[in-house]
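Colleague: I'd like to learn how to read contacts and cysteines off a model. Can you walk me through it?

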Amino acid sequence: MKTIGTPTNVDEGAGSNAMSASVEPVAHAGGVSVSVAVSHDGHTRAAIVRLLLEEGPITATAIGTKLELTAAGVRRHLDALIEAGEARAATSASWQQRGRGRPAKQYQLTPAGRGKLGHAYDDLAGAAMRQLREIGGQSAIEEFARKRVAAIVAGVDPAADRDTEALTDKAEEIADVFTSAGFAATTRKVGNGVQICQHHCPVSHVAEEFPELCDAELHAFRNLLGTHVQRLATIANGDCACTTHVPLTPPVSAKTASG
């Protein structure tokens with residue numbers, strides 16, 4: 001995650017460029033806050049939006065810690081995003097709470113906010129897919145979806161082993177190539193598995209009509225990981241991320257269980 005760089009000094013005679021910089025409160029150790037010049041207020045907003053995209057739902061405190069901003073500075077941007085309909089807040093679940101007190105709010109992008117991140121040529125792509133189906137039928141759509149994913153993972157070899165380390169490393173490699181393709185993908189350990197989370201989908205609007213695009217991704221994941229993975233959520237279905245669970249503990253077969 002790239003953090004916002006703050007200039008060590010500001011040229012007071014820089015004219016209009018200096019005037020375009022905003023002053024953002026930055027939190028430092030010991031509870032002392034100072035104000036430093038941050039070039040363009042929009043850069044801070046963009047950094048917050050990226051955190052909401054990649055790590056949401058996320059608390060204002062966590063955003064402030066990652067970007068070295070005070071709570072007031074973070075709330076100002078979050079309030080603006082919520083007012084614009086691009087973000088929303090929800091109360092943390094009880095299991096997410098640390099310590100006592102009122103549950104902290106967690107923030108994430110709304111579909112409108114995610115939509116502003118870019119879905120180039122959606123209408124054209126949808127029309128092309130419909131025409132492809134009319135000409136070539138369902139098999140043509142499935143073949144197109146398969147080749148599209150194959151191009152994304154072309155440099156990824158299937159996992160050589162199915163042990164925990166090998167599958168975790170392969171999941172991270174898959175996330176990296178999908179990030180390069182615009183999916184803002186990450187991995188996280190959850191219980192006895194690892195999840196591949198795609199926080200953005202450049203084709204989500206088209207995938208709403210053509211779920212074959214999502215199905216082809218899942219099939220590619222299974223082939224590369226050599227295990228049965230499960231799709232838990234998709235942006236095309238209105239979820240905040242496309243989440244795929246990869247079990248790290250191989251299921252016990254009936255033969256093994258019976259001794």
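Modeller: Sure. Start with the general idea: a contact means heavy atoms within 4.5 Å. Keep in mind that this is a predicted model.

Colleague: Okay, which residues does His-245 touch, leaving out residues up to four places away in sequence?

Modeller: His-245 touches Val-190, Gly-193, Val-194 and Gln-195, plus Val-229, Gln-230 and Leu-232. His-245 itself lies in strand 9, which covers residues 242-247. For a sense of the separation, take Lys-189: His-245 and Lys-189 are 56 residues apart in sequence, with their C-alpha atoms 9.6 Å apart in space.

Colleague: And for the protein chain, what share of contacts between residues at least 6 apart in sequence join residues at least 24 apart?

Modeller: That share is 54%. The chain has 11 helices and 9 strands, and 37% of its 259 residues count as buried.

Colleague: Now the cysteines. How many disulfides does the structure hold?

Modeller: The structure holds 0 disulfides. Take Cys-201: the nearest cysteine sulfur belongs to Cys-242 and is 5.3 Å away. A disulfide needs two cysteine sulfur atoms within 2.5 Å, so a pair at 5.3 Å does not count.

Colleague: Why is Cys-240 without a bond to its closest cysteine sulfur?

Modeller: Because that sulfur, in Cys-197, is 8.5 Å from the sulfur of Cys-240, which is too far for a bond.

Colleague: Are Cys-201 and Cys-240 buried or partly exposed?

Modeller: Cys-201 is buried, with a relative accessible area of 4%. Cys-240 counts as partly exposed, at 29% relative accessibility.

How values were computed. Residues are numbered from 1 along each chain as its sequence is written. This is a predicted model: local features need pLDDT of at least 70, side-chain atom pairs count only at pLDDT 80 or more; totals for chains, interfaces and linings use all residues. Side-chain values use heavy atoms; hydrogens and water are left out. Helices (H or I, at least four residues) and strands (E, at least two) are DSSP runs, numbered from the N terminus. Buried means under 20% relative accessible area, exposed over 50%, partly exposed in between (1.4 Å probe, protein chains only).
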